[in-house]
Amino acid sequence: DGETIRQYLDKLSKVLKMRIFSGPYSWPPDKWDNPKVSLHELNGFVAWTESGCHVYAWRPVKFFTSDIYSCKPFNVETVLKFTKDFFKSNDMVHQAI
């Protein structure tokens with residue numbers, strides 16, 4: 001749900017030692033099991049002084065993305081381990097550019 005996405009973004013900010021200046025946010029704010037919400041995806045965003053992160057999650061297909069943009073260098077392996085552990089993923093893939 002939205003709280004999980006906000007927790008991920010908050011903890012990721014701490015892992016990366018990024019300074020939050022806005023967020024973390026998630027939308028839609030309703031839980032996925034709310035029958036009045038027709039969307040099946042959940043989004044989240046946090047703005048850092050050093051850039052930011054956007055998360056997209058689709059519960060029905062058990063798929064998520066975490067797009068991290070940063071002007072500050074960070075350890076990719078640290079982010080991968082944190083994200084894999086947080087979402088309990090056993091088939092996560094990544095690409096760093």
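These legends accompany close-up views of a predicted model of one protein chain.

**View 1. The whole chain, for orientation.** Let's start with the overall layout: the protein chain has two helices and four strands. Read from the N terminus, these elements follow the order α-β-β-β-β-α. Of the 97 residues in the chain, 30% are buried. Among contacts with a separation of 6 or more, 42% join residues that are 24 or more positions apart.

**View 2. Helix α1 and its buried face.** Helix α1 covers residues 2–16, which makes 15 residues. From first C-alpha to last, α1 reaches 21 Å, close to the 21 Å expected at 1.5 Å a residue. Which residues of α1 are buried? They are G2, I5, Y8, L9, L12, S13 and L16. Looking down the axis of α1, you will find these buried residues within an arc of 130°, so they line one face of the helix. A handy reminder for reading this view: an α-helix has 3.6 residues a turn, so residues three or four places apart point the same way. Just after α1 comes K17, whose phi is positive, at about 55°.

**View 3. Helices α1 and α2 side by side.** It helps to recall that two packed helices are described by the angle between their axes and the distance between the axes. Here, the partner of α1 is helix α2, residues 76–87, and the two axes come within 11 Å. They cross at roughly 155°. Angles over 145 degrees count as roughly antiparallel, and α1 and α2 are therefore roughly antiparallel to each other. Their crossing is right-handed.

**View 4. The residues where α1 meets α2.** Zooming in on these two helices, which residues of α1 meet α2? On the α1 side they are T4, Q7, Y8, K11, L12, V15 and L16. On the α2 side, the partners are T78, V79, F82, T83, F86 and F87. Y8, L12 and L16 also belong to the buried residues of α1.

**View 5. F45 and its surroundings.** F45 sits in strand β2, which spans residues 41–48. Is F45 buried or partly exposed? Its relative accessibility is 28%, so F45 counts as partly exposed. Setting aside neighbours within four places in sequence, F45 is in contact with L9, G23, P24, Y25, W27, C53 and H54. One of these partners, L9, is a buried residue of α1. You can also look for R6: the C-alpha atoms of R6 and F45 are separated by 8.1 Å, although the two residues are 39 residues apart along the chain.

Terms used: Residues are numbered from 1 along each chain as its sequence is written. This is a predicted model: local features need pLDDT of at least 70, side-chain atom pairs count only at pLDDT 80 or more; totals for chains, interfaces and linings use all residues. Side-chain values use heavy atoms; hydrogens and water are left out. The expected span of a helix is 1.5 Å times one less than its number of residues. Buried means under 20% relative accessible area, exposed over 50%, partly exposed in between (1.4 Å probe, protein chains only). The arc is that of the directions from the helix axis to the C-beta atoms. Axes are lines fitted to C-alpha atoms, for helices over the stretch in contact, and angles run from 0 to 180 degrees between N-to-C directions. Angles under 35 degrees count as roughly parallel, over 145 as roughly antiparallel, 65 to 115 as roughly perpendicular and the rest as oblique. A crossing is left-handed if the near helix is turned anticlockwise from the far one by less than a right angle, and right-handed if clockwise. Contact means heavy atoms within 4.5 Å.
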